[in-house]
Each structure stands twice: as C-alpha cells, then as structure tokens.
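Biologist: Mind walking me through this one? I'd like to go over the pockets, the sheet and the helix packing.

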Amino acid sequence: MRRILPLLLLAVALALPVAAHEEAAKMPPPNEVPLVVPPGAQAGADFDIERATQAYIETLSAEKRARSDAYFEGGYWLQLWAFLYGLVTAWIFLGLRVSAWMRDLAAKRTSNATLQTVIYALIATPISTLLALPLAWYAGFFREHQYEMATQTLVEWLGDQGKGLMVGMILGTLFIAVIYAVIRKTGRNWWVFGTLTSVAFIVFAVLIGPLYIDPLFNDYQSLPPGPTRDRILSIAHATGVPADDVVWFDASRQTKRISANVSGIGGTMRVALNDNLLVRSPPESIEAVMGHELGHYTLNHVYEGIIYFGLIFLVGFWFVAWSFDRTVARWGSGWGVRDVTDVAGWPLIGALFSVYMFAATPVLNSVIRGNEAEADRYGIATSGQPDGFAFVAMQLSEYRKISPGYWEEILFYDHPSGYARVRAAMEWKAEHGGRVPPP
C-alpha cells in the first residue's frame with residue numbers, strides 16, 4: 001500500500017476545489033448581440049436557398065475558415081493517436097505485468113473475489129489516469145489554448161481532472177466490481193449479461209449526472225425572469241415539455257464555446273444552456289438552440305440513444321468474448337492472465353473493446369448525427385428562427401469544419417456540418433415565408 005499512497009494523495013490534491021469555482025457564478029450581462037442576416041439571405045420574392053446558404057457561409061473569413069479546418073482536421077489525427085495511446089497503455093499493464101502485480105497485491109489483502117476486484121480498480125484507475133495525463137493535457141489544455149478556445153489556467157484544469165479522477169474511481173470501481181461478478185456468475189454467456197450491465201450503468205450515470213456529477217465542474221442556476229426565459233418556456237409548453245425552469249451554467253470558466261444540452265432521465269432530466277451562448281449569441285439564436293435541445297427531449301433521443309448504444313455494445317461484448325480467449329491462449333501466460341474471470345485481464349478487455357469501438361466510430365457518428373439533424377429541424381420549426389439557427393451554426397464553425405466532403409462527414413462528424421445546418425434552415429425559411437418580402 002505504500003506504493004499506492006502517493007498516487008491517492010496526488011488524486012486528492014488534484015480534486016480539491018479550484019478557488020475560481022468556490023464562489024457562485026455571476027449572471028452574465030444582458031445580451032446585446034444583434035442578429036445580422038447577410039444580404040443574400042434576406043427574405044424576398046427572389047429568395048434562393050443555395051444563394052442564401054452561401055451568403056451565410058461567406059460570412060466566415062478565409063483566415064477563420066482555415067483555422068477552423070485545421071483545428072477540426074487535427075482532431076482526426078487526435079482520435080487515431082488517442083486510440084494508439086490507449087493500446088500502448090494496455091500493453092504497459094499487460095506486457096510489463098503491472099496488471100498481474102495489482103491482482104496479486106489484491107489477493108494478498110483478501111480472499112473475497114469481489115473485494116479483490118475493488119482493490120484492483122482503486123489501484124488501476126489512478127495509475128491509468130496518470131499514464132493518460134500527457135495526451136489529456138495536450139488535447140484538453142495545450143491545444144485548446146493554442147486555438148484560443150480555453151480559458152482555464154493549468155491549475156484550474158488539473159483541478160477538473162482531479163475531480164474527474166474521483167468520479168472515475170467511484171463509478172469505475174463499482175462498474176468493474178459488478179461486471180466481474182457478472183462474468184463469474186454467467187460463464188460463457190457473460191457478454192450478453194455484460195451488455196445488460198453496461199446499459200444499466202449508462203442509465204444510472206445519466207440519471208445521477210445532473211444531480212451529482214455536473215455540479216462538480218460548473219455552477220448551475222435558474223435563469224432569471226426576462227424575455228429569454230419566457231420565450232424558452234413558451235416553446236417548451238407549446239411542444240408539451242413539462243418545464244417550469246430554465247437552467248444556465250458557467251462554462252466560460254473553462255471554454256469560449258457556446259453550447260446547450262439535455263441531460264438526465266425522467267425526474268432528473270434538465271435542459272441547460274451555457275453563459276457563452278447567453279452572451280455571444282442573439283436572442284433569436286438562443287431560441288433556436290433551445291428549441292433544438294427541447295427536440296431531443298420531445299423526440300425521446302435520450303432513450304433512443306440508450307437502445308442504440310445497447311445494441312452496439314452487444315456486438316462489442318461479443319467481439320471481446322470471441323477474441324479474449326484466443327488472445328490469452330497465445331500471450332496470456334506471459335502477461336500473467338489466466339482467463340476472462342481474472343481481473344488482471346481488465347486492460348485486455350479494455351483494449352479489445354477500444355479496437356471494436358474505433359472501428360464502429362462511423363456507425364456511432366451516424367446514429368448521433370441522425371438524431372442531431374432531427375433536433376435541428378425541430379428547433380427551427382418550434383422557434384420559427386431559421387436565421388437565428390443559421391447564425392449560431394456559423395458561430396459553431398469556430399471549431400467545426402464548415403464544409404466537409406461526403407465521406408469525411410460520414411466518418412468523422414457526430415453532428416451535421418455547418419453547411420448542412422445552414423442549408424436546412426434556409427430550406428425551412430423558403431417554405432415558410434422566405435420568398436415573401438418582409439412587411
């Protein structure tokens with residue numbers, strides 16, 4: 001345990017609240033950003049969908065477009081390096097017999113298989129987090145500052161990483177302990193029950209997220225009474241969403257990105273928008289974005305996502321079950337891994353599953369992108385703000401490539417491209433008065 005203590009102390013130190021987050025977030029100043037509709041996209045008898053779309057696209061300067069493309073395309077390589085980095089980490093645990101050492105250490109402390117798994121997970125989680133820290137720092141801190149999107153200091157960023165580690169140690173340890181209990185209990189069919197267990201944990205995490213996890217990283221507060229709040233609630237009530245509150249959070253302490261989200265299930269479900277959206281976008285765009293998020297709720301995308309991911313996980317666990325025994329038969333003795341019930345094989349399960357998920361990325365992206373496109377159409381229709389939606393789609397082009405190729409979008413985009421979103425807004429506008437001159 002003396003070797004573990006320094007790691008745990010470091011984790012606790014990183015998890016200490018950052019001073020900037022100790023005080024409640026202050027409400028951002030009133031929004032004064034006007035909605036500017038480019039000349040080629042204004043309503044009129046000669047309104048043309050393609051010309052209007054291009055008019056919005058051309059509001060992005062060549063310099064900003066090149067910067068956005070470079071950032072987003074760099075993310076393609078980052079996905080590959082993250083995948084390979086994870087495989088290298090798994091090899092460190094297996095090839096250097098670190099995983100076998102942790103299993104043996106746990107076995108010396110107790111003869112109970114479940115407690116052995118818990119001890120293993122409590123040791124493995126901080127070690128794997130430290131091994132992943134260099135890449136996490138590059139992707140989440142250095143690169144974000146390089147492209148002028150991050151607002152945190154290094155100490156603040158490390159504080160959030162520490163909090164994430166604590167959450168991972170609690171939920172990760174619980175998951176690993178339960179999944180190995182399921183594996184030991186169900187034998188050859190463990191992959192079926194492992195899928196059900198994983199889906200149950202996804203539901204549990206989504207359920208408790210708004211109450212216990214999200215508030216660790218940001219302050220969530222009710223939006224004060226005013227036109228923005230009233231309009232969002234009006235859209236919600238008109239579409240049958242039982243909302244009596246609108247929540248905002250202080251994402252500006254971490255990033256310059258604008259965003260909103262739907263989180264939770266049932267009684268914990270919440271639609272929230274960040275302070276960057278409140279400050280940087282015109283009221284028409286806020287309405288369109290919140291209409292989009294309310295669409296996720298009304299269209300039951302949270303529940304659909306659980307079903308889709310459950311099916312994808314089922315295939316993934318089958319692949320792991322099929323490949324695990326073959327891999328262990330060849331290299332297991334050198335790694336000190338006996339069989340699938342041996343917790344020392346956890347890094348191998350993770351590596352095999354990551355191989356599957358990396359290959360399945362286009363499928364995952366397509367599922368999510370389809371839901372996002374549905375929510376886009378819903379948000380435009382319910383808010384009646386096509387230009388507000390097009391405006392915010394162009395704001396998102398700060399870090400999303402605006403016009404990808406066909407296969408590029410299929411492979412790498414989990415949201416519709418900026419071009420697709422602007423065009424969808426202009427199509428709706430053409431069908432709902434865009435070709436009629438404004439009074």
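**Hairpin, sheet, pockets and helices**

Modeller: Let's start with the hairpin: β3 and β4 form it with six residues between them, and G264 in the turn has a positive phi of about 90 degrees. Bear in mind that this is a predicted model.

Biologist: Okay, how many bridges join β3 to β4, and do they run parallel or antiparallel?

Modeller: β3 spans 260–263, and its hairpin partner β4 covers residues 270–274. One of the pairs puts N261 across from A272 in β4. The two strands run antiparallel, and the bridges between them number four.

Biologist: Which residue of β2 stands opposite A272 in β4?

Modeller: β2 takes in residues 247–249 and runs parallel to β4, with three bridges joining them. A272 is already the bridge partner of N261. Opposite A272 from β2 stands V247.

Biologist: So what is the strand order of the open sheet?

Modeller: β4 pairs antiparallel with β3 and parallel with β2, and the pairing in this four-stranded open sheet is mixed. The edge strands, pairing on one side only, are β1 (220–222) and β3. On average, neighbouring strands are turned by 35 degrees against each other, direction ignored. That leaves the order as β1-β2-β4-β3.

Biologist: On to the pockets. What is the volume of the largest pocket?

Modeller: Its lining takes in 45 residues. Nearest the centre of that pocket lie W346, G350, A351, F353 and S354. The space inside comes to about 1,400 Å³.

Biologist: Which helix gives the most to the lining of the largest pocket?

Modeller: Plenty of helices chip in at least two residues each, among them α5 (113–146), α6 (154–186), α11 (301–335) and α12 (346–359). The top contributor spans 62–95 and gives ten residues. That's α3.

Biologist: How many charged residues are in the lining of the largest pocket?

Modeller: By class, 33 of the lining residues are nonpolar. Another twelve are polar. For charged residues, the answer is none: there are no charged ones there.

Biologist: And how many charged residues line the second largest pocket?

Modeller: That pocket has a volume of about 1,000 Å³ and 34 lining residues, with N261, E293, H296, E372 and H415 nearest its centre. Elements supplying at least two residues each include α7, β3, α10 (283–298) and α13, and N261 is the residue that bridges to A272 in β4. The lining splits into 18 nonpolar and ten polar residues, and the charged ones number six.

Biologist: Which elements give two or more residues to the lining of the second largest cavity?

Modeller: There are two cavities of 30 Å³ or more, and the second largest has a volume of about 40 Å³. Its lining consists of A393, L396, S397, R400, P416, S417, G418 and R421. The elements giving two or more of those are α14 and α16 (418–434).

Biologist: Now the helices. Are α3 and α5 roughly parallel or antiparallel to each other?

Modeller: Their axes are 11 Å apart, and the packing angle is about 165 degrees. The crossing is right-handed. An angle over 145 degrees counts as roughly antiparallel, so for α3 and α5 the answer is roughly antiparallel.

Biologist: What about α6 and α7: is the crossing left-handed or right-handed?

Modeller: The axes of α6 and α7 come within 10 Å and cross at roughly 160 degrees. That makes α6 roughly antiparallel to α7. Both helices also supply at least two residues each to the lining of the largest pocket. As for the hand, α6 passes α7 in a crossing that is right-handed.

Notes:
Residues are numbered from 1 along each chain as its sequence is written. This is a predicted model: local features need pLDDT of at least 70, side-chain atom pairs count only at pLDDT 80 or more; totals for chains, interfaces and linings use all residues. Side-chain values use heavy atoms; hydrogens and water are left out. On a 1 Å grid over the protein atoms alone, a cavity is a set of points where a 1.4 Å probe fits but cannot get out, and a pocket is an open set with protein on both sides within 12 Å along at least five of seven lines; lining residues have an atom within 4 Å of a point. Grid points are joined across faces, edges and corners, and a volume is the space filled by probe spheres set on the points. Ala, Val, Leu, Ile, Met, Phe, Trp, Tyr, Cys and Pro count as nonpolar, Asp, Glu, Lys and Arg as charged, and the others, Gly among them, as polar. Two strands pair if DSSP finds at least two bridges between them. Axes are lines fitted to C-alpha atoms, for helices over the stretch in contact, and angles run from 0 to 180 degrees between N-to-C directions. Angles under 35 degrees count as roughly parallel, over 145 as roughly antiparallel, 65 to 115 as roughly perpendicular and the rest as oblique. A crossing is left-handed if the near helix is turned anticlockwise from the far one by less than a right angle, and right-handed if clockwise.
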